[in-house]
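Hi,

Here is the model I promised to send over. Have a look at it first, then read my notes underneath.

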Amino acid sequence: MARAVNTQRKAINTAAAWTVALLIFFPILWTILTSFKTEAQAISDPPVFFAFDWTLENYGVVLERSNYSRFLWNSIIIAGGSTILGILIAVPAAWSMAFVPSKRTKDILLWMLSTKMLPAVGVLYPIYLLFIKLGLLDSRTGLVIVLMLMNLPIIVWMLYTYFKEIPGEILEAARMDGASLKEEIVHILTPMAIPGIASTLLLNFILAWNEAFWTLNLTAAKAAPLTAFIASYSSPEGLFYAKLSAASTMAIAPILVLGWFSQKQLVSGLTFGAVK
Amino acid sequence: MNIKVSTLLGACAAAALCTAATAETITIATVNNGDMIRMQGLTADFTEKTGHEVEWVTLEENVLRQRVTQDIAAKGGQFDIMTIGMYETPIWGKQGWLVALDDLPAEYDVDDILPAMRGGLSVDGTLYAAPFYGESSMVMYRTDLMEKAGLEMPEAPTWEFIAEAARKMTDKDGEIYGICLRGKAGWGENMAFLTTVANSFGARWFDEDWKPQFDSPEWNEALTFYLDLMDEAGPPGASTNGFNENLSLFQQGKCGMWIDATVAASFVTNPNDSTVADKVGFALAPDAGKGKRANWLWAWALGIPAGTQKVDAAKEFIQWATSKEYLALVAENEGWANVPPGTRTSLYENPEYQKIPFAKMTLDSINAADPTNPSVQPVPYVGIQFVAIPEFAGIGTMAGQEFSAALAGQQTAEEALEKAQALTADEMEAAGY
């Protein structure tokens with residue numbers, strides 16, 4: 001009897017989990033489906049789900065019209081560069097906050113987060129003018145710096161939370177064995193916090209990959225990443241949903257694949273220390 | 001020696017060698033419209049002729065406006081050519097943000113540009129952007145449904161006739177709606193259309209002292225007419241319909257009539273996309289018997305931002321893309337129906353182009369539009385479906401939200417007009433008018 005109840009509860013839980021997952025995934029699924037429709041089918045009312053003439057025409061048009069590989073390469077450099085740079089800066093910062101906290105550590109953490117409270121457009125014009133002066137407009141270097149700065153508070157916060165879970169005694173033991181500060185961070189702390197660092201890395205890579213405010217405003221032809229590639233398929237006069245969906249699918253495909261392969265790492269990192 | 005020099009000069013005159021020596025790469029910001037996409041596809045012809053390379057930055061229309069405004073105001077220099085409209089050109093030209101196109105060579109034949117287009121893109125007689133394609137608005141209707149309703153569309157209909165036809169064509173159970181009109185809020189969306197309706201009913205945005213006129217009986221009459229008509233003969237959810245939504249409805253055979261941009265004619269008559277391609281007729285935008293028709297005037301034009309380092313190459317591109325030769329090049333590659341319309345007189349004199357079913361109606365609609373006298377009453381501004389002042393984009397969109405809410409049934413015409421009047425008066429006062 002008890003087993004029957006358990007099985008039933010498990011089935012309900014599974015069904016609920018699938019329902020929620022499908023609901024969350026639905027917009028992406030719809031985008032992918034639309035990318036295989038004709039423009040007329042894409043906006044037909046009532047909408048069609050699967051019973052349409054599947055076509056690859058939109059992908060053909062998008063590939064012919066845009067230099068996809070250039071946008072992709074820019075996305076990889078910008079998202080990858082800003083994330084790695086952010087991690088390099090954030091690991092020592094989070095170490096000091098987690099293991100040698102001062103009276104003001106909590107304030108500093110909150111102050112860092114407060115920079116995220118200002119809408120990005122509030123600093124658009126100053127940054128734009130700065131970029132003109134520094135010659136960074138439409139450059140990948142400029143975007144790597146800006147996106148790194150945008151995501152740095154989140155990276156520091158996440159790493160700080162993970163580092164707090166690591167017993168300080170282990171680091172102390174390393175110190176007693178004569179490890180230098182650098183050795184302590186590189187050889188002791190970092191390997192122990194790998195799941196946390198990996199999930200921080202992945203999450204920030206995804207955030208930087210999808211960032212569409214700065215990447216649209218600070219780029220033109222040379223440094224434009226996949227967000228600009230998607231935006232270029234919206235049209236004020238003419239139907240565009242199918243082609244836009246194809247472009248969107250192509251833009252999210254790499255990150256979706258990356259997420260798929262690293263989901264175990266991501267989940268274990270995000271729930272790191274959750275059960276104590 | 002002399003022979004050698006003259007030979008070299010001759011080669012230079014033939015362009016290829018000399019320009020190749022100073023070849024530049026120009027960056028052009030544009031929108032994702034059919035005509036622009038075709039232009040991108042034909043860029044090789046320009047590069048072959050001049051040696052200059054072109055980098056395209058295609059942006060969503062609103063993002064484009066924001067980006068080019070930001071770049072031109074901050075002198076960012078990211079673009080050498082910008083695709084701008086008839087709204088921005090006179091404002092930016094006056095502010096000195098654009099390079100004047102006053103030294104175009106004789107063979108470009110600037111006098112061939114349609115007078116309405118040239119006027120709308122000039123400040124004090126100086127051209128600041130060259131029209132790449134132009135449009136007005138007109139009535140597109142289903143000939144079969146019109147016949148079924150026992151009516152015949154006149155070439156120049158009145159609003160009264162349109163309303164009668166719309167009601168007779170409507171069959172809500174069969175998902176046929178007599179008329180599809182814009183309802184989505186925005187200065188370039190529902191307000192573009194509603195302002196033309198208001199013009200034809202004798203209303204205006206401002207009087208000669210820049211006082212907003214939404215409290216006038218003419219505006220009330222125009223808005224009430226629109227709301228009643230849409231209520232009886234419009235599609236459901238019309239308050240979120242813009243150009244693309246109505247295009248889709250018309251192509252699916254759900255609209256009896258659609259009053260919108262002339263450029264839509266080529267979409268609705270294209271059998272690849274439209275289920276009603278062979279059943280579409282055209283007529284001039286309606287009037288209310290007051291001497292003004294409800295048709296707008298718009299051009300997507302190419303302008304050069306002041307401050308670019310590549311003015312010469314940019315001018316060469318504009319001359320190429322807006323020339324008679326370019327129109328012929330598109331015709332040769334894609335057929336006359338796909339030539340960018342509404343810019344040059346010579347195109348409409350071309351017997352080949354005259355065979356296109358919507359060519360004459362497009363030209364007549366453009367010619368019927370007068371941006372300096374948009375309404376029956378005198379106005380202090382230029383522009384038909386917009387007011388060419390920097391504040392208009394904000395005011396137009398806010399007023400558009402009120403009218404869209406009225407269409408959605410959230411408020412009455414009177415309430416919408418009252419709010420539009422109040423917010424326009426506030427904005428104009430703040431702007432120092």
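Below is what turned up, starting with chain A and moving on to the contact and the core.

Some housekeeping: this is a predicted model, where local features need pLDDT of at least 70, side-chain atom pairs count only at pLDDT 80 or more, and totals for chains, interfaces and linings use all residues. Residues are numbered from 1 along each chain as its sequence is written, with chains lettered from A and ligands numbered from 1 in the order in which they are written.

Chain A has 14 helices and 0 strands (DSSP runs, H or I of at least four residues for helices, E of at least two for strands, numbered from the N terminus). Its C-alpha trace spans about 75 × 70 × 30 Å along the principal axes. Of its 276 residues, 34% are buried (20 or more other C-beta atoms within 10 Å of the residue's own, C-beta atoms being placed from the backbone).

The contact between the chains (C-beta atoms, placed from the backbone, within 7 Å) takes 24 residues from chain A and 29 residues from chain B. On the chain A side, α6(A) gives the most, with 3 residues.

The largest nonpolar core (buried Ala, Val, Leu, Ile, Met, Phe, Trp, Tyr and Cys joined through C-beta atoms within 7 Å) has 188 residues, and A:A94 and B:M140 are among those touching the most other members. Helix α7 (residues 140-164) of chain A gives the most to this core, 14 residues. Beyond its neighbours within four places in sequence, B:M140 has contacts including B:F250, B:M257 and B:W258.

Cheers

Key
Buried ≥ 20, exposed ≤ 12 C-beta atoms within 10 Å, placed from the backbone. Contact = placed C-beta atoms within 7 Å.
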